[in-house]
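This briefing covers a protein chain and the DNA strand next to it. The points are grouped by topic, with terms explained where they come up.

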Amino acid sequence: MKLATWNVNSLKVRLSQVIDWLNVNQPDILCLQETKSQNENFPYNEIMASGYQSVFTGQKTYNGVAILSKTIGTETVTKIPNFDDVQKRVIASTFGDLRVICIYVPNGDAVDSEKYGYKLRWLPALNDWLRNELVTYPKLALLGDFNIAPDDRDVYDPESWEGKVLCSQPERDAFGRLLDLGLTDSFRMFDQPEKSYTWWDYRMMAFRRNRGMRIDHILLSNELSKICLSCQVDKTTRKLERPSDHAPVFVEISD
DNA sequence: ATGGTAGAGGATCTA
């Protein structure tokens with residue numbers, strides 16, 4: 001079983017790349033972030049034609065998340081319960097006994113900004129919800145754009161980024177509290193290439209210079225992490241024409 | 001050097 005996540009930065013622009021990626025990689029689940037598509041414009045039929053179901057929640061211009069899957073999901077939820085949020089950043093669905101939660105964590109802008117405060121309120125709300133979800137669903141995968149580089153080795157220049165948004169201690173502590181729930185960062189279960197990242201700024205030729213950050217993650221509950229076989233970043237999409245600024249991450253889990 | 005690129009939407013906002 002293959003589970004993947006990809007911040008596509010506009011599904012409209014990236015649709016052909018997404019469909020190509022599905023056809024080549026045949027994931028069971030692909031979580032998308034930053035679809036930037038209202039529900040009525042979601043390319044449901046085009047994705048269906050490649051053999052994938054979709055559940056999605058979107059809004060105009062910003063945010064938007066979706067789960068594409070080979071089988072139909074149930075118990076779909078499109079928000080963090082008991083947390084008021086007009087921004088569409090969460091979708092969860094169940095596939096057999098597998099609970100998949102797709103998230104697009106607020107970016108935070110800068111540590112002295114209002115958006116950073118929103119990010120630091122959003123993450124505990126997610127945490128509280130996940131604590132309950134893990135009781136209900138022992139096989140739980142949390143995938144998405146976390147907008148947090150958990151460690152200095154996840155940052156191309158940790159000195160210049162020290163304390164900045166994506167790397168600040170409060171954000172890293174919030175990430176740590178997700179792990180404290182019993183989740184595992186699947187990427188770090190395996191040997192990985194040095195300087196592995198999932199996002200590179202469009203500017204300053206950041207990808208060519210590998211000035212990136214590892215901010216897209218797949219966290220697995222204990223029942224899944226113990227049967228997880230691999231976790232990889234697929235940098236090939238970032239080399240395409242008109243790429244997303246994020247690369248897909250995927251895990252293989254034994255059936 | 002506080003820049004720069006991309007997407008949405010149609011001027012800026014977000015990342």
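A polar side-chain atom of Arg89 lies 3.5 Å from a phosphate oxygen of DNA strand B; a polar contact here is a pair of N or O atoms within 3.5 Å, and within protein one atom must be able to donate a hydrogen and the other to accept it, with residues adjacent in sequence counting only if both atoms are side-chain atoms. The model is predicted, so local features need pLDDT of at least 70 and side-chain atom pairs count only at pLDDT 80 or more, while totals for chains, interfaces and linings use all residues. Residues are numbered from 1 along each chain as its sequence is written, chains are lettered from A and ligands numbered from 1 in the order in which they are written, and side-chain values use heavy atoms, leaving out hydrogens and water.

**DNA strand B**

- Arg242 also places a polar side-chain atom by a phosphate oxygen of DNA strand B, at 3.1 Å.
- For Tyr62, the partner is a base oxygen of DNA strand B, 3.4 Å from a polar side-chain atom.
- There are 16 residues around the strand, of which Ser10, Arg14, Lys60, Arg203 and Arg242 come nearest; a residue is near a strand or molecule if one of its heavy atoms lies within 4 Å of it.
- Seven charged, five nonpolar and four polar residues form the surface near DNA strand B. Ala, Val, Leu, Ile, Met, Phe, Trp, Tyr, Cys and Pro count as nonpolar, Asp, Glu, Lys and Arg as charged, and the others, Gly among them, as polar.
- Of the DNA strand B atoms within 4 Å of the protein, 68% belong to sugar or phosphate, and the rest belong to bases.

**Overall form of chain A**

- Chain A has six helices and 14 strands, which are DSSP runs numbered from the N terminus (helices: H or I, at least four residues; strands: E, at least two).
- Its radius of gyration, taken over C-alpha atoms, is 17 Å, close to the 18 Å from the globule rule (2.2 Å times the number of residues to the power 0.38) for 255 residues, so chain A is as compact as a globular protein of that length.
- The C-alpha trace of chain A spans about 45 × 45 × 40 Å along its principal axes.
- Of the 255 residues in chain A, 57% are buried; buried means under 20% relative accessible area, exposed over 50%, and partly exposed in between (1.4 Å probe, protein chains only).

**Helix 3**

- The end C-alpha atoms of helix 3 (residues 114-136) are 34 Å apart, in agreement with the 33 Å expected for its 23 residues (1.5 Å times one less than the number of residues).
- Buried residues of helix 3 include Trp122, Leu126, Trp129, Leu130 and Glu133.

**Cysteines**

- Zero disulfides are found in the whole structure, a disulfide being a pair of cysteine sulfur atoms within 2.5 Å.
- Cys167 is in no disulfide, as the nearest cysteine sulfur, that of Cys231, is 19 Å away; Cys167 is buried at 6% relative accessible area.
- The sulfur of Cys31 is too far for a bond from its closest cysteine sulfur, in Cys102, at 4.2 Å. Cys31 is buried, at 0% relative accessibility.

**Single residues**

- Gln26 is not a glycine, yet has a positive phi of about 50 degrees. Gln26 sits in the loop between helix 1 (11-25) and strand 2 (29-33) and is partly exposed at 36% relative accessibility.
- Asn210, also not a glycine, has a positive phi of about 50 degrees and lies in the loop between strand 10 (199-200) and strand 11 (212-213).
- Phe250 belongs to strand 14 (residues 249-253) and is buried at 9% relative accessibility.
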